[in-house]
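Trainee: Please take me slowly through one part of this structure, and explain each term when it comes up, since I am still learning how to read such models.

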Amino acid sequence: MFKSILVPIDLADTDLAKPAIATAATLSQTWNGKVRLLNVLPTTPAMLAEYVPADFDAQQRATSEEALAIVANESGIDAARISTAVRKGGIYHEILEEAAAVSADLIVMTSHRPAMRTYFLGSNAGHVVRYAKCSVLVVRH
């Protein structure tokens, strides 16, 4: 049923992603599927571009790729069934683009407990749920 599972991860708070990774691991094992971990880097604002090193984007990408590799290794998912990707841009847009690129059957993501301004879901999770062309499982943290 779920052959391709996408798990977006905020590397600034990997503890938040652990329930989603565990859920994806269980589902991928049950359905013999693959898991894709994704981190989305924000675009550097143009007004700050002149103040950062010329290779800032490359450094940021390399750091994210290394951190994702560590998360993947610690996930307990067989190395042949897990992959990683780093994209740059708007969070929910890039999640949806990656889901389409890997033909994801399911997106598993975590969301903080709701506050008054985002009572039902966080804004990124809400956008993904609304616009994804595949099933989305939101795991509350």
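Mentor: Let us begin just after helix 4, where Ser103 takes a positive phi of about 50°, although Ser103 is not a glycine. What you are looking at is a predicted model, in which local features need pLDDT of at least 70 and side-chain atom pairs count only at pLDDT 80 or more, while totals for chains, interfaces and linings use all residues. Residues are numbered from 1 along each chain as its sequence is written, and side-chain values use heavy atoms, with hydrogens and water left out.

Ser103 sits in the loop between helix 4 (91-101) and strand 4 (106-111); here helices (H or I, at least four residues) and strands (E, at least two) are DSSP runs, numbered from the N terminus. With a relative accessible area of 53%, Ser103 counts as exposed, because that word is used for values over 50%, whereas buried means under 20% and partly exposed lies in between (1.4 Å probe, protein chains only).

Going back into helix 4, we find that its buried residues are Glu94, Ile95, Leu96, Glu98 and Ala99. What covers these buried residues includes strand 1, strand 2, strand 3, strand 4 and helix 5 (123-131), where contact means heavy atoms within 4.5 Å.

Two of those buried residues deserve a careful look, namely Glu94, with a relative accessible area of 11%, and Glu98, with one of 4%. Side chains of opposite charge can pair when their charged atoms come close. Glu98 meets Arg36 in a salt bridge at 2.9 Å, N to O, a term that stands for a side-chain nitrogen of Lys or Arg within 4 Å of a carboxyl oxygen of Asp or Glu. This pair links distant parts of the chain, since Glu98 is in helix 4 and Arg36 is in strand 2, 62 residues apart. Arg36 is partly exposed, with a relative accessible area of 22%. Glu94, in turn, forms a salt bridge with Arg87, at 2.6 Å from N to O, and Arg36, Arg87, Glu94 and Glu98 are linked in a network of salt bridges. The structure holds 5 salt bridges.

Helix 4 also brings us to the nonpolar interior. A nonpolar core is a set of buried Ala, Val, Leu, Ile, Met, Phe, Trp, Tyr and Cys residues joined through side-chain atoms within 4.5 Å. The largest such core has 22 residues, of which Ile5, Val7, Ile9, Ile21, Val35, Leu37 and Val108 touch the most other members. Two or more residues of this core come from each of strand 1 (4-8), helix 1, strand 2, helix 3 (56-74), strand 3 (82-88) and strand 4, and helix 1 gives the largest share, 6 residues. A second, separate core of 14 residues includes Leu6, Leu38, Ile95 and Ala99; as we saw, Ile95 and Ala99 are among the buried residues of helix 4.

If we follow the chain forward from helix 4, past the loop that holds Ser103, we reach strand 4, where 6 of 6 residues are buried. In a regular strand the side chains alternate between the two faces of the sheet. Both faces of strand 4 are covered, for Leu106, Val108 and Thr110 on one side and Ile107, Met109 and Ser111 on the other are all buried.

Strand 4 also has partners on which to rest your eye. Strand 1 runs parallel to strand 4 and is joined to it by 2 bridges, two strands being said to pair if DSSP finds at least two bridges between them. Within that pairing, Ile5 stands opposite Leu106. Strand 4 and strand 5 (residues 135-140) likewise pair in the parallel sense, over 6 bridges, and there Leu106 stands opposite Ser135.

Leu106 leads us, finally, to Phe2, which lies in the segment before strand 1. Leaving out residues up to four places away in sequence, Phe2 touches Trp31, Gly33, Asp105 and Leu106, and at 13% relative accessibility Phe2 counts as buried.
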